[in-house]
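User: I'd like to learn how to read a few features in a structure like this one. Could you take me through them one at a time?

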Amino acid sequence: MTCPVTIRIQEGDFDIAREIALLTDSRTDIGAVVSFSGICRADEDSAKISALTLEHYPGMAEEEIRRHVDEATSRWPLNGVTVIHRVGRFMPGQNIVLVLTASQHRQAAFQAAEFLMDYLKTSAPFWKKEESAAGTGWVEAQARDDEAAARWTKS
């Protein structure tokens, strides 16, 4: 069976339990599902965030995510992948991103989910603007995210 892949960029929220059910429905070849959900937090380096706006490059964002999903499915024996990334304005506590990876065994699912999140943070064409009492500004790339993604680079 091929690895079913769902990639969506949307403004509306997602239901994690529903997405897992859609991924695993009638599947007896899945022994593990790993989920990562990214949530808008209320502070960044001690600065209070009142809102976060996420923008993307339509078409290119989906293509870039697909490229990394294809890489993950070539590295690990996956039986399903779901990536949902929201765009728009978010308040602290609201969902932003969901990555689900399914496999027969947990190790592949964990590694693939971590790989996909590391690459979403560094390579997918999304831009973040933070709002705080100090003003509004675009978020710069973080060296820690680049370092996390670099560990997956093939030598």
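Analyst: Happy to. Let's begin with salt bridges: the term here means a side-chain nitrogen of Lys or Arg within 4 Å of a carboxyl oxygen of Asp or Glu. Keep in mind that this is a predicted model. Lysine 48 and aspartate 43 make such a pair, with their closest N and O atoms 3.8 Å apart.

User: How many salt bridges does that rule give?

Analyst: The count comes to nine salt bridges. Another is the pair of aspartate 29 and arginine 27, where the closest N and O atoms are 2.9 Å apart. Glutamate 19 and arginine 8 are also bridged, at 2.8 Å between the closest N and O atoms. That pair links distant parts of the chain, since glutamate 19 sits in helix α1 (residues 16-24) and arginine 8 in strand β1 (residues 5-10), eleven residues apart.

User: Which residues are linked in a network of salt bridges?

Analyst: Arg8, Arg18 and Glu19 are linked in one.

User: Now accessibility. Is glutamate 19 buried or exposed?

Analyst: The idea is to compare relative accessible area with two cut-offs: under 20% is buried, over 50% is exposed, and in between is partly exposed. Glutamate 19 counts as buried because its relative accessibility is 4%. Its partner arginine 8, at 26%, is partly exposed. In the second pair, arginine 27 is buried at 15%, while aspartate 29 is partly exposed at 25%. As for the pair we started with, lysine 48 has a relative accessible area of 59% and is therefore exposed, whereas aspartate 43 is partly exposed at 33%.

User: What about a nonpolar core? Which residues touch the most other members of the largest one?

Analyst: A core is built from buried nonpolar residues joined through their side chains. The largest one here has 31 residues, and Ile65, Trp76 and Leu120 touch the most other members. At least two residues each come from β2 (32-39), β5 (51-56), α2, β6 (78-86), β8 (95-103) and α3. The largest share, nine residues, is supplied by α3.

User: What is tryptophan 76 in contact with, beyond its sequence neighbours?

Analyst: Leaving aside neighbours within four places in sequence, tryptophan 76 contacts Ala108, Gln111, Ala112, Phe115 and Trp152. Apart from the largest core lies another, of seven residues, and Phe14, Ile84, Leu98 and Ala102 are among them.

User: And cavities? Which residues line the largest cavity?

Analyst: Think of a cavity as a space where a probe fits but cannot get out. The structure holds one cavity of 30 Å³ or more, and about 40 Å³ of space lies in the largest cavity. Its lining is made up of Glu64, Ile65, His68, Val83, Leu116, Tyr119 and Leu120. Two elements give two or more residues to that lining, α2 (60-75) and α3 (106-122). By character, the lining divides into five nonpolar residues, one polar and one charged.

User: One last case: where is histidine 56 found, and what does it touch?

Analyst: Histidine 56 is in strand β5. Not counting residues up to four places away in sequence, histidine 56 touches Ile9, Ala61, Glu62, Val87, Pro125, Phe126 and Trp127. For one of these, valine 87, the separation is 31 residues in sequence and 7.1 Å in space, C-alpha to C-alpha. Histidine 56 counts as partly exposed because its relative accessibility is 22%.

Technical notes
Residues numbered from 1 in each chain as written. Predicted model: local features only at pLDDT ≥ 70, side-chain atom pairs only at ≥ 80, totals over all residues. Heavy atoms only, no water. 1 Å grid on protein atoms, 1.4 Å probe; cavity = no way out; pocket = protein on both sides within 12 Å on 5 of 7 lines; lining within 4 Å. Points joined across faces, edges and corners; volume = space filled by probe spheres on them. Helix = DSSP H or I, 4+ residues; strand = E, 2+ residues; numbered from the N terminus. Nonpolar A, V, L, I, M, F, W, Y, C, P; charged D, E, K, R; others polar. Core = buried A, V, L, I, M, F, W, Y, C linked by side-chain atoms within 4.5 Å. Buried < 20%, exposed > 50% of the residue type's maximum accessible area, 1.4 Å probe, protein only. Contact = heavy atoms within 4.5 Å.
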